[in-house]
Amino acid sequence: MLNCFITLAGVLCLAFAIYGLADAAPSATPIIALCLWICSGMIFGMAGLLLPGVIFTLAVSVFLFGYTLYKSKNKIKERLFGFFTPGVTAFVIACFAMAVVLQAKQPLFGQWDEFSFWGLSQKIVWQNKKLYTGVKSSLLGVSIPPSLAVLTFLFDFASNTFMEWRCFYAYNVLIFACFALLFSIDHMKQWLLNLGAREFMTG
């Protein structure tokens with residue numbers, strides 16, 4: 001689980017930097033940051049440097065976070081409170097909750113798709129620390145886009161064992177980031193808040 005939280009922290013660091021340096025809507029930054037992480041992994045992966053690329057991206061994200069705090073040193077508290085809007089807060093809570101649930105349930109690929117191509121590609125990427133298209137296997141050219149395998153590798157790159165639940169977790173983080181994006185749209189934000197309040201009141 002620690003690996004998942006390291007990557008999540010890195011994504012949030014980059015998201016905060018995008019918010020602080022580019023003045024982007026806070027709720028839109030998690031999906032932007034996650035996509036930048038995936039694109040960086042893809043670029044380094046095509047050069048055969050997937051693992052170093054992920055570590056580099058993490059380092060850059062932390063550096064930009066620190067640089068943003070330095071630039072905002074006279075109003076750090078204001079910046080942090082401005083970043084953790086309802087959308088970002090919901091994103092963080094959902095990610096932590098999903099990690100706890102998936103680790104407890106330990107879902108396996110076989111429960112869902114009988115460990116088909118997409119599941120195998122995740123494991124091949126983790127084992128070889130490179131894009132599965134660069135590994136000689138029966139999957140070459142017949143499986144999912146490597147970007148999805150890179151996404152799951154981001155949340156599993158530092159672990160000693162391959163765990164299927166982390167792949168599901170990576171997909172859920174992407175989904176939660178998309179939901180957070182809706183909070184950056186004014187009319188969608190009100191609709192989501194009304195929906196949440198209604199569901200809470202009706203049980």
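Let's start inside this protein, at threonine 29: setting aside neighbours within four places in sequence, threonine 29 is in contact with Ala15, Ile18, Tyr19, Ala24 and Phe83. Keep in mind as you look around that the model is predicted.

Where does threonine 29 sit? You will find threonine 29 in helix H2, which covers residues 29–46. Its relative accessible area is 0%, and because buried means under 20%, threonine 29 counts as buried.

Now turn to glycine 20, which has its place in helix H1, residues 2–22. Is glycine 20 buried or exposed? Its relative accessibility is 16%, so glycine 20 counts as buried. Once residues up to four places away in sequence are left out, glycine 20 touches Thr68 and Arg79. You can also look from glycine 20 across to tyrosine 67: the two are 47 residues apart along the chain, and their C-alpha atoms are separated by 9.7 Å.

With those two residues in mind, step back to the whole protein. How many helices and strands are there? The protein has nine helices and zero strands, so if you follow the chain from the N terminus on, the elements read α-α-α-α-α-α-α-α-α.

Threonine 29 and glycine 20 have company in being buried: of the 203 residues in the protein, 43% are buried. Contacts can be viewed across the whole chain too. Among contacts with a separation of 6 or more, 68% are between residues 24 or more positions apart.

Finally, look at the outside. The accessible surface of the protein comes to about 10,700 Å², and carbon and sulfur atoms account for 69% of that surface.

Definitions and conventions: Residues numbered from 1 in each chain as written. Predicted model: local features only at pLDDT ≥ 70, side-chain atom pairs only at ≥ 80, totals over all residues. Heavy atoms only, no water. Helix = DSSP H or I, 4+ residues; strand = E, 2+ residues; numbered from the N terminus. Buried < 20%, exposed > 50% of the residue type's maximum accessible area, 1.4 Å probe, protein only. Contact = heavy atoms within 4.5 Å. Areas by Shrake-Rupley, 256 points an atom, 1.4 Å probe, with all protein chains shown as cover.
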